[in-house]
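Visitor: I would like a close look at a single part of this protein, the sheet together with whatever packs around it. Could you take me through it slowly, with the cut-offs behind each term?

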Amino acid sequence: MENKDLKIGFDNIIKGNQEWMEFVKNDETGRFQQLAKGQNPEILWIGCADSRVPANELTGTKPGEVFVHRNIANMVIHSDMSMLSVLDYAVNVLKVKHVIIAGHYGCGGVAASLSRKQYGIIDNWLGHIKDVYRLHSAEIDAIQDHDKKVDRLIELNVQEQVFNLCATSIIQNAWKERDDLAVHGMIINIGTGELIDQHCTFTNNDELGEVFTYQ
């Protein structure tokens, strides 16, 4: 590499991996050898791609305990085959028991969705967040402080994505077969590390409304 900074950055990645390999080598619990044979997580985490919100650290879990899908602003879009594939595998193969939609305060994607500025191809993705704003515009517009306005949209976005997830055929068909699957919405306070329950947990489709409920 001709660029010195790029070489230093890449070397740090390799160094970090070597340190991790040494940790795995010296681990006496046998858990890494077990993980090499397969995984059995109880949690599917659908979170933001933001580098500040790693699922394992936030939940105090170890490798192999959380199955993860991340995208800009933790969206559940019904045409997103990547998300749907992860969801299907997690629910129907891994048999996870908890699906968590995890947003976070200070989300740049949500903040950008409240702007009229164009950012590029991501504008098409942010349009889904603008739809959440449209549903709750009266409440959000009544908030004067901009940061609080963004924070409230972050909360409402999580709640809407929980609903979107529960409306999928994947989740609803799973509920027909089992009673040990819950979908939760949570917000991460990056400054404190707290996971804040949004009290929008679903364990069945009883409260989705008739038009959203599959027979």
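Guide: What follows is a walk across the sheet, then to the helices beside it, and finally to one loop residue. The model is a predicted one, in which local features need pLDDT of at least 70 and side-chain atom pairs count only at pLDDT 80 or more, while totals for chains, interfaces and linings use all residues. Residues are numbered from 1 along each chain as its sequence is written, and side-chain values use heavy atoms, with hydrogens and water left out.

The sheet is open and is built from 5 strands in the order β2-β1-β3-β4-β5, with mixed pairing. Its edges are β2 (66-71) and β5 (194-197), each of which pairs on one side only. On average, neighbouring strands here are turned by 30° against each other, direction ignored. Strands and helices are DSSP runs numbered from the N terminus, a helix being H or I over at least four residues and a strand E over at least two; two strands are said to pair if DSSP finds at least two bridges between them. In general, strands of a sheet pair through backbone hydrogen bonds, either parallel or antiparallel.

Strand β1 pairs in the parallel sense with β2 over 6 bridges, and one of the bridge partnerships joins Cys48 to Asn71 in β2. With β3, strand β1 is again parallel, over 5 bridges; here Leu44 has Val99 as its bridge partner, and Ile46 has Ile101. Ile101 also has a bridge partner in β4, namely Gly185, while Ile100 is partnered there by His184. These belong to the parallel pairing of β3 (residues 98-104) with β4 (residues 182-189), which extends over 7 bridges.

Burial can be taken next, where buried means under 20% relative accessible area, exposed over 50%, and partly exposed in between, using a 1.4 Å probe and protein chains only. In β1, 6 of its 6 residues are buried; in β3 the count is 6 of the 7, so β3 is largely enclosed by the rest of the structure.

Helix α4 (residues 81-93) packs on the sheet, touching β1 (43-48) and β2, and its direction makes about 170° with that of β2. Helix α8 (residues 146-166) lies across β1, β3 and β4, at about 160° to β4. Such angles run from 0 to 180 degrees between N-to-C directions, with axes fitted to C-alpha atoms, for helices over the stretch in contact, and contact means heavy atoms within 4.5 Å.

The axes of α4 and helix α9 (residues 169-177) come within 10 Å and cross at roughly 10°; the two helices are therefore roughly parallel, a term used for angles under 35 degrees. Leu84, Leu87, Asp88, Val91 and Asn92 in α4 meet Ile170, Ile171 and Ala174 in α9. The buried residues of α9 include Ile170, Ile171 and Trp175, and what covers the buried residues of this helix includes α4, α8 and β4.

Finally, Asp50 is placed in the loop between β1 and α3 (55-59), and it counts as buried because its relative accessibility is 17%. The side chains of Asp50 and Arg52 are joined by a polar contact of 2.7 Å, that is, a pair of N or O atoms within 3.5 Å, where within protein one must be able to donate a hydrogen and the other to accept it, and where residues adjacent in sequence count only if both atoms are side-chain atoms. Leaving aside neighbours within four places in sequence, Asp50 is in contact with Arg70 and His104.

Technical notes:
Angles under 35 degrees count as roughly parallel, over 145 as roughly antiparallel, 65 to 115 as roughly perpendicular and the rest as oblique.
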